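Please study the structure shown here and work through the exercises that follow. Each task is accompanied by a solution in steps.

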Amino acid sequence: MRVTLLAATQVNPDLLTQDLAASDVRYLVAQGTQAFGLALIEYAGRVCYRSTDKMGAAPGFISARVREGHEDIIEHLQMVFEAWEAPDAEILRAYQVAHGLRFTRRPQSVILSMNARTLRDIIRHSDSELARQLLILAAQTWPMLYADLAGEKA
């Protein structure tokens, strides 16, 4: 099975062309040195902990929140994958019902759409080849969100 990442949450550049006040959410997210999706996750967590003034100051902030089980903040990162030699429909429907996966079958592949928390749930609760391939790709792309699961599944 081969899985590729087609898309992930990105900033709309048109929203950043305006003058932004230092208190503006777009400014706080855009000023980070990390990818937009991760900055958005950090911002969501910082709002919860009332620490938006520390945006970008602690590289381990997201990893620490995920380890603590505060996974609702990672739902802001949406991603789309394509899987060739796709799994059978039963597995996909089970993921759809239990974890919120959305999918579209194509003649030679399946398009999978989910958020980062859904992906963690699928990886944690499945030993399928699809889950294994998604984990490999996710751990390479967003290690702070999936490195712990890569260690558990190794």
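**Exercises on a sheet and its strands**

**Exercise 1.** In this predicted model, determine in which sense strands β2 and β4 pair, and over how many bridges.

*Solution.* Strand β2 covers residues 78–84. Its pairing with β4 is antiparallel and extends over seven bridges. One of the residue pairs joins Phe 81 to its bridge partner Leu 112 in β4.

**Exercise 2.** Describe how β3 and β4 are related.

*Solution.* Strand β3, residues 102–105, pairs with β4 in the antiparallel sense over four bridges. Within this pairing, Thr 104 stands opposite Ile 111 of β4. Three residues lie between the two strands, which form a hairpin.

**Exercise 3.** Establish the strand order of the sheet and explain why β1 and β3 each have one side without a neighbour.

*Solution.* The open sheet consists of four strands in the order β1-β2-β4-β3, with antiparallel pairing. Strands β1 (2–8) and β3 stand at the edges with a single partner strand each, so one side of each has no neighbour in the sheet. From one strand to the next, the twist averages 20°. Helix α4 (residues 89–99) packs on the sheet, touching β3 and β4, and its direction makes about 155° with that of β3. Helix α6 (residues 129–141) lies across β1, β2 and β4 and runs at about 50° to β1.

**Exercise 4.** Decide whether the faces of β4 are covered or open.

*Solution.* A residue counts as buried under 20% relative accessible area. In β4, residues 109–115, seven of seven residues are buried. On one side these are Ser 109, Ile 111, Ser 113 and Asn 115; on the other they are Val 110, Leu 112 and Met 114. Both faces are thus covered.

Notes
Residues numbered from 1 in each chain as written. Predicted model: local features only at pLDDT ≥ 70, side-chain atom pairs only at ≥ 80, totals over all residues. Heavy atoms only, no water. Buried < 20%, exposed > 50% of the residue type's maximum accessible area, 1.4 Å probe, protein only. Pairing = 2+ DSSP bridges. Axes fitted to C-alpha atoms, helices over the stretch in contact; angles between N-to-C directions. Contact = heavy atoms within 4.5 Å.
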